[in-house]
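Reader: I'd like to go through this one with you and ask how each label is earned. Can you put it up?

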Amino acid sequence: MKIVVAGATGALGSCVMDAVRIAGHEPVPISRSSGVDLMTGAGLAPALAGATAVIDASATSTTSTKQFVDFFGTVTRNLLAAERAAEVPHHVAISIIGAAKVNANYYAGKAAQEQILQAVGGGWSLLRTTQFHDFAKQLVGHGKVGPWQVVPTMRSQPIAATEVATELVAIACGEPRGLEPDLAGPREENMADLVRRYLAAIGRSRPVIQVPLPGAWGRSMRDGTLLPARGTRRARVTFDEWLTTQSGPTS
Ligand SMILES: NC(=O)c1ccc[n+]([C@@H]2O[C@H](COP(=O)([O-])OP(=O)(O)OC[C@H]3O[C@@H](n4cnc5c(N)ncnc54)[C@H](OP(=O)(O)O)[C@@H]3O)[C@@H](O)[C@H]2O)c1
């Protein structure tokens, strides 16, 4: 089975590439470095030829709500149109637990992506998960201010991207089912604490400062909106187990 992985070089996409191979299928990577631009559609048609599913693990980093909405909206529309033209029967997307409710900042982009899919009759599956363990690492990449590491005040129940990837590949190998049951990490954590543990694991010591972010986006990080509902399926790999796979300074 040929499975296209959009965002193949990212935190999730690289795990999806591995998971596709482990499942015995052929992954086709999509990212700008492989010559495909999901925003313009350049290179998309040949990449999709003969595919049975597309797993969309693409993302962008910006601080603009408008750009998040533009990115996730445009990418989703471009992929769906190219899949229709290439007769790819299954589009698999990933979103974040609570994001559509919040509908602000990054989550406005995820809400737009979800709305576009839900307006399409069929042919798609959507899995919502909590933040990945990599989220702490991604914050370290962005939040260094002078000698400090600034982290949003945030409650999260993070999950290993490897487990999410395995789940997405299993979904891609089945029939399109619309909204899948949510999947969360094994336990609730505090984001500043995770960042401290990540910095220690890569041999960095830097004061970590927790900052409550303003607006609906920041509030949702603090008030539990991003946590899974009671009874949500839980993955197995803890943050500390994931930490043992991380090494070396990042910045
Ligand atoms: N991170 C989390 O904690 C988390 C939690 C739950 C769900 N999710 C969702 O999981 C998905 C992946 O997130 P991530 O954190 O793994 O993303 P990421 O590490 O930022 O990776 C983004 C990927 O998208 C590609 N990309 C960006 N712009 C592109 C373009 N114009 N054309 C083609 N490829 C492009 C990047 O490659 P190039 O830059 O080389 O093009 C990269 O491969 C997103 O939908 C995100 O909302 C993330």
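Reader: What makes the pair between Thr9 and the ligand a polar contact?

Author: First off, this is a predicted model. A polar side-chain atom of Thr9 lies 2.6 Å from an oxygen atom of the ligand. The cut-off for a pair of N or O atoms is 3.5 Å, so this one counts as a polar contact.

Reader: Which backbone atoms are polar partners of the ligand, and at what distance?

Author: Gly10 has a backbone N or O atom 3.0 Å from an oxygen atom of the ligand, and a polar backbone atom of Ala11 is 2.9 Å from a ligand oxygen. Both pairs are within 3.5 Å, so they pass too. As for cover, the protein buries 87% of the 890 Å² that the ligand exposes when taken alone.

Reader: Where does the ligand sit?

Author: In the largest pocket. Helix 1, helix 3, strand 4, helix 5 and helix 6 each give two or more residues to the shell around the ligand, and strand 4 has the largest share, with three residues.

Reader: Which residues of the shell come nearest to the ligand?

Author: Out of 29 residues, those are Thr9, Arg32, Tyr106, Lys110 and Phe132. By type, the shell holds 15 nonpolar, eleven polar and three charged residues.

Reader: Why is the pair of Arg128 and Glu114 called a salt bridge?

Author: The closest N and O atoms of the two are 2.5 Å apart. The limit is 4 Å between a side-chain nitrogen of Lys or Arg and a carboxyl oxygen of Asp or Glu, so the pair qualifies. The whole structure has eight salt bridges.

Reader: What does the pair of Arg128 and Glu114 tie together?

Author: Arg128 lies in strand 5 and Glu114 in helix 5, so the salt bridge links parts that are 14 residues apart in sequence.

Note on methods:
Residues numbered from 1 in each chain as written. Predicted model: local features only at pLDDT ≥ 70, side-chain atom pairs only at ≥ 80, totals over all residues. Heavy atoms only, no water. Near = heavy atom within 4 Å. Polar contact = N/O pair within 3.5 Å; in protein donor to acceptor, adjacent residues only side chain to side chain. Areas by Shrake-Rupley, 256 points an atom, 1.4 Å probe, with all protein chains shown as cover. 1 Å grid on protein atoms, 1.4 Å probe; cavity = no way out; pocket = protein on both sides within 12 Å on 5 of 7 lines; lining within 4 Å. Sits in = over half its atoms within 2 Å of the grid points. Helix = DSSP H or I, 4+ residues; strand = E, 2+ residues; numbered from the N terminus. Nonpolar A, V, L, I, M, F, W, Y, C, P; charged D, E, K, R; others polar.
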